[in-house]
Each structure stands twice: as structure tokens, then as C-alpha cells.
Amino acid sequence: MAGQGAGKVLGTNLRARRDEQGISLSELARRSGIAKGTLSQLESGAGNPTIETVFSLSNALGVPVSSLLNEPPPSDLVLVRSTDLDVLSGDAVDLRMLRRLENPGALLEIYDQQIRPGTVQHSDGHPGTEHHVILTGRLRITAQGRPQELGPGDYLAFRANTVHEYEALDGLVRSVLLLEYPPDVHPSAIDCVHPV
């Protein structure tokens, strides 16, 4: 999300997705469980959205997270420097979206993910399949009602539409998260709404 900050990009894309679907702020508040005033602030580019907020909006609108957070790449050569990316933080997880890959019949989002120790990150579920590759540390992911402990080099994939949790076991965990969306999740084009 280099260029605009995460809040500005989210605000621009959130308003565009809402307009495309013809839903009011009140209806989005009802669907997402986020206060109308908070949504208004987010659309204006104010505030610091959390992971939980962005995933709630993604679910409420039925669009991939990247449809809310991603700026279109300026060329065929894309270099992403982690220092240029805004961090989307939750209770225990920090995410930086590295890239959105869109091909016919497929949409993938690639994230640099850090899981902080001392608390559990909870997700109520969202569309798609999560693919995790652990780079450093030990991570417990509970998905489909089963806890799995992962270490460096381990890989885990699961359908993310049900409750799942992440917990760092021995200090900070670094991993790569790839979100794969099913063909029936149709991302909206964001080229036409950026920038405002």
C-alpha cells in the first residue's frame, strides 16, 4: 500500500465497493457489526483499521480483503519493499499485504505475517483458503476444530470459512500467508476508483 496510506486506500475502496453494491452506510453497519460513525470515518480515510475491522468489512461486502486494501500496481515490474507497507494489526497478528494476484478464475493475496506472543488472534471466518508457510518461530493454528503446531518450513492449508485462531508459542513468529479465494468470490475492479 505504498503511495497512499492504508486508511486512504481503504476509504477509497470501501466507498467504491459500497456504491457498486448500492448499499447505505447503515446497511453496511448492520452487516458488518461496525458502527455507522466508524464506517464514515473509515471512508474519509481517518482512523487506523484493524485486521478484525477489515475482515468484517470483507465479509459484509462479499469481496476479497485486497479489494479493500490494494492499490493497482503501476507496471509489469512490481517491487514491494516491506518498509513502504502499512501494517494491519490485530490482537496478535501484524499483516502487510505484499501483492494481489488476479488471473482468470483465481485470486490470490500474499501477506508478510508476524504473530506476536502473549495473546491469541481469533477469526470468525472469511471466504477462501489460507495457506501458511512458517519462516521462524513456532505457531499453533486451530482450524476445523483441530490445533496444529507448526515450526520453520512447515506448511498448513485450510478452508477459512469457520472459526480459526493463531498463537505464537515461543516468541515472535514470521510466516507467509497466502489467501486463495474461490471462483465465486468476484473481486471488483479497483483501477477505476483509484485515486479519488
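Strands β6 and β7 form a hairpin, with 2 residues between them. In the turn, Gln 144 has a positive phi of about 55°. The model is predicted. The hairpin strands span residues 139-143 for β6 and residues 146-150 for β7. Their pairing is antiparallel and runs over 5 bridges. Within this pairing, Thr 142 stands opposite Pro 147 of β7.

Strand β6 also pairs with strand β9, which covers residues 164-168. These two strands run antiparallel and are joined by 5 bridges. Here Ala 143 of β6 stands opposite His 164 in β9. The two faces of β6 can be told apart. Leu 139, Ile 141 and Ala 143 make up the covered face. Arg 140 and Thr 142 lie on the uncovered face. Thus Ala 143, the partner of His 164, belongs to the covered face, whereas Thr 142, which faces Pro 147 across the pairing, belongs to the uncovered one.

A helix pair was also examined. Two packed helices are described by the angle between their axes and the distance between the axes. Helix α2 comprises residues 25-32 and helix α4 residues 51-61. They pack at an angle of about 110°, with their axes 9 Å apart. Angles of 65 to 115 degrees count as roughly perpendicular, and α2 and α4 are therefore roughly perpendicular to each other. From α2, the contact draws on Leu 28, Arg 31 and Ser 32. From α4, Ser 56, Leu 57, Ala 60 and Leu 61 take part. By class, this contact has 4 nonpolar, 2 polar and 1 charged residues.

Note on methods
Residues numbered from 1 in each chain as written. Predicted model: local features only at pLDDT ≥ 70, side-chain atom pairs only at ≥ 80, totals over all residues. Heavy atoms only, no water. Axes fitted to C-alpha atoms, helices over the stretch in contact; angles between N-to-C directions. Helix = DSSP H or I, 4+ residues; strand = E, 2+ residues; numbered from the N terminus. Parallel < 35°, antiparallel > 145°, perpendicular 65-115°, else oblique. Contact = heavy atoms within 4.5 Å. Nonpolar A, V, L, I, M, F, W, Y, C, P; charged D, E, K, R; others polar. Buried < 20%, exposed > 50% of the residue type's maximum accessible area, 1.4 Å probe, protein only. Pairing = 2+ DSSP bridges.
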